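Here's a quick briefing to read with the model open next to you. It starts with one residue and works outward to the whole chain.

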Amino acid sequence: AVEPVVGLGAIAVRRGLIAERDEEVGAAALRKIGSGPGKMCQAMAIDKTLNGILMDGLPLCVVEGRAVGESEILASARIGLNPVTCGEATHWPWRYTVRGSRFLSR
């Protein structure tokens, strides 16, 4: 999941949640912005044209955000893994979330 901090209007338009960038994004739509890898990629305009690029400059840049205390980070099993193909890894705690985030998929 992703918590947008800038460009909310453009992101919501990409996700089809509003028609125009200057429309208000309601709370229900905000939760749908990037609650999962596919939605996040659509929201951030991440597609196959970005394969192989470095992520420290344009067109895609990942920067350090606000600090989160260690006690706020939770680990749980990933969602949607197939037990037949993933076996015991289905239950491994490889999903990291921030306690109370409203942007999670579930």
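Look first at Arg15, which sits in the loop between α1 (8-14) and α2 (27-31). Keep in mind that you're looking at a predicted model. Arg15 is a charged residue that is buried yet has no salt bridge, so it's worth going through what surrounds it, given that a salt bridge needs a carboxyl oxygen within 4 Å.

**Around Arg15**
- The nearest side chain of opposite charge belongs to Asp47, and that one is 14 Å away.
- What does the side chain of Arg15 reach at 3.0 Å? That would be the backbone oxygen of Ile33.
- There's also a side-chain-to-side-chain polar contact, with Gln42, at 2.6 Å.
- Leaving aside residues up to four places away in sequence, Arg15 touches Lys32, Ile33, Lys39, Gln42 and Ala43.

**Two backbone spots to check**
- Ala45 has a phi near 60°, which is a positive value in a residue other than glycine.
- You'll find Ala45 in the loop between α3 (37-44) and β1.
- Is Ala45 buried, partly exposed or exposed? Its relative accessibility is 41%, so Ala45 counts as partly exposed; that class lies between the 20% and 50% cut-offs.
- The peptide bond joining Leu58 and Pro59 is cis, with omega at about 10°.
- Pro59 itself is part of the loop between β1 (56-57) and β2 (60-61).

**The β3/β4 pair**
- Strands β3 (residues 73-76) and β4 run antiparallel to each other and pair over four bridges.
- Within this pair, Ser76 stands opposite Arg95 of β4.
- Side chains alternate along β4 (residues 95-98). Arg95 and Thr97 point to one face and are buried, whereas Tyr96 and Val98 point to the other face and are not.

**The chain as a whole**
- There are four helices and four strands in the chain, and reading from the N terminus the order is α-α-α-β-β-β-α-β.
- Taken along the principal axes, the C-alpha atoms fill a box of roughly 45 × 35 × 30 Å.
- Of the 106 residues in the chain, 21% are buried.
- Among contacts with a separation of 6 or more, 40% come from residues 24 or more positions apart.
- The chain's accessible surface comes to about 7900 Å², and carbon and sulfur atoms account for 56% of that.

Terms used: Residues are numbered from 1 along each chain as its sequence is written. This is a predicted model: local features need pLDDT of at least 70, side-chain atom pairs count only at pLDDT 80 or more; totals for chains, interfaces and linings use all residues. Side-chain values use heavy atoms; hydrogens and water are left out. Buried means under 20% relative accessible area, exposed over 50%, partly exposed in between (1.4 Å probe, protein chains only). Two strands pair if DSSP finds at least two bridges between them. Lys and Arg count as positive and Asp and Glu as negative; His and the chain ends are not counted. A polar contact is a pair of N or O atoms within 3.5 Å; within protein, one must be able to donate a hydrogen and the other to accept it, and residues adjacent in sequence count only if both atoms are side-chain atoms. Contact means heavy atoms within 4.5 Å. Accessible areas come from the Shrake-Rupley method with a 1.4 Å probe; for residues, only the protein chains shown count as cover.
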